[in-house]
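Here are my notes on the model you sent round. Please read them with the coordinates open.

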Amino acid sequence: MEFYNVIIHITFYGVVYLIIDIIKAWLKWRKNWDALCNCCGKCCYSRSLGKDGEIIIHYNSPCDYLDTKTNRCRVYEQRFQKCQYCKKVNLFIVLFNPTLPKECTYRQTFRLWEKNDKN
């Protein structure tokens with residue numbers, strides 16, 4: 001039984017430290033949230049999940065307001081009013097949206113458990 005207590009202890013504290021690190025990163029970026037974006041434009045395309053959980057980006061269906069040459073929104077300041085599908089990338093979406101592209105710097109910055117999976 002002692003072995004299981006150690007595993008539970010390590011897992012619990014690992015999760016606590018992970019949450020603390022996510023909060024630290026959020027506190028660092030919250031005032032400059034948009035500056036974190038690497039402007040890949042992939043969040044402006046229709047996306048879905050494949051059978052194996054891979055993200056499929058439908059490059060034939062960009063947002064009407066996406067300039068596909070610069071990957072910039074043509075109506076950035078009014079994007080939420082003009083496009084019903086445009087959603088603000090917030091911390092909840094970054095942490096839990098399964099279709100957020102792996103190249104997204106929001107995802108790379110806040111999904112710290114994915115960094116740990118690479119080791």
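The points below go through salt bridges, one arginine, one lysine, the core, the pocket and two backbone angles.

1. Status of the model. This is a predicted model. Please keep that in mind for each distance and angle below.

2. Salt bridges overall. How many salt bridges does the structure hold? There are four. Points 3 to 5 take up pairs and a network from this set.

3. Asp34 and Lys88. These two residues form a salt bridge, with 4.0 Å between the closest N and O atoms. The cut-off for a salt bridge is 4 Å, so a pair listed at 4.0 Å deserves a second look at the coordinates. The pair links distant parts of the chain, 54 residues apart. Asp34 sits in the loop between helix 1 (2-29) and strand 1 (45-49). Lys88 sits in the loop between helix 2 (79-82) and helix 3 (91-96). Asp34 is partly exposed, at 39% relative accessible area. Lys88 is partly exposed as well, at 42%.

4. Glu103 and Lys42. Their side chains meet in a salt bridge, 3.4 Å from N to O. Glu103 lies in the loop between helix 3 and helix 4 (105-110), and Lys42 in the loop between helix 1 and strand 1, so the bridge ties together parts 61 residues apart in sequence. Is each partner buried or exposed, or in between? Glu103 is partly exposed, with a relative accessible area of 38%. Lys42 counts as buried, at 18% relative accessibility. Buried means under 20%, so Lys42 falls in that class. Leaving out residues up to four places away in sequence, Lys42 touches Arg47, Ile57, Tyr59, Pro101 and Glu103. Its salt-bridge partner Glu103 is therefore among the residues on that contact list.

5. The Arg111 network. Salt bridges link Arg107, Arg111 and Glu114 in a network. Within it, the side chains of Arg111 and Glu114 meet at 3.6 Å, N to O. Glu114 is partly exposed, at 23% relative accessibility. Arg111 is buried, with a relative accessible area of 5%.

6. Surroundings of Arg111. Where is Arg111 placed? It is in the loop between helix 4 and helix 5 (112-117). A polar atom of the Arg111 side chain lies 2.5 Å from the backbone oxygen of Asn97. Please check that distance in the coordinates. Apart from neighbours within four places in sequence, Arg111 is in contact with Ile93, Val94, Leu95, Phe96, Asn97, Pro98 and Leu100. Asn97 thus appears both in the 2.5 Å pair and in the contact list.

7. Nonpolar core. Which residues make up the largest nonpolar core? It has 12 residues in all: Ile22, Ala25, Trp33, Leu36, Val89, Val94, Leu95, Leu100, Cys104, Tyr106, Phe110 and Leu112. Helix 1, helix 3 and helix 4 are the elements that give two or more residues to this core. Among the core members, Leu36 is worth a look. Outside its neighbours within four places in sequence, Leu36 is in contact with Trp29, Thr105, Tyr106, Thr109 and Phe110. Tyr106 and Phe110 are also core residues. Val94, Leu95 and Leu100 belong to the core, and these three are contacts of Arg111.

8. Largest pocket. The largest pocket holds about 1000 Å³ of space. Its lining takes in 38 residues. Cys43, Cys44, Cys86, Lys87 and Val89 lie nearest the centre. Strand 1, strand 2 (55-62), strand 4 (72-73), helix 2 and helix 4 each give two or more residues to the lining. Strand 1 gives the largest share, three residues. Val89 is named for the pocket and for the nonpolar core.

9. Positive phi angles. Please check two residues other than glycine. Cys39 has phi near 55 degrees, a positive value. Cys39 is found in the loop between helix 1 and strand 1 and is partly exposed, at 24% relative accessibility. Asn71 has phi near 60 degrees, again positive. Asn71 is found in the loop between strand 3 (66-67) and strand 4. Asn71 is partly exposed, with a relative accessible area of 25%.

How values were computed
Residues are numbered from 1 along each chain as its sequence is written. This is a predicted model: local features need pLDDT of at least 70, side-chain atom pairs count only at pLDDT 80 or more; totals for chains, interfaces and linings use all residues. Side-chain values use heavy atoms; hydrogens and water are left out. Helices (H or I, at least four residues) and strands (E, at least two) are DSSP runs, numbered from the N terminus. Buried means under 20% relative accessible area, exposed over 50%, partly exposed in between (1.4 Å probe, protein chains only). A polar contact is a pair of N or O atoms within 3.5 Å; within protein, one must be able to donate a hydrogen and the other to accept it, and residues adjacent in sequence count only if both atoms are side-chain atoms. Contact means heavy atoms within 4.5 Å. A nonpolar core is a set of buried Ala, Val, Leu, Ile, Met, Phe, Trp, Tyr and Cys residues joined through side-chain atoms within 4.5 Å. On a 1 Å grid over the protein atoms alone, a cavity is a set of points where a 1.4 Å probe fits but cannot get out, and a pocket is an open set with protein on both sides within 12 Å along at least five of seven lines; lining residues have an atom within 4 Å of a point. Grid points are joined across faces, edges and corners, and a volume is the space filled by probe spheres set on the points.
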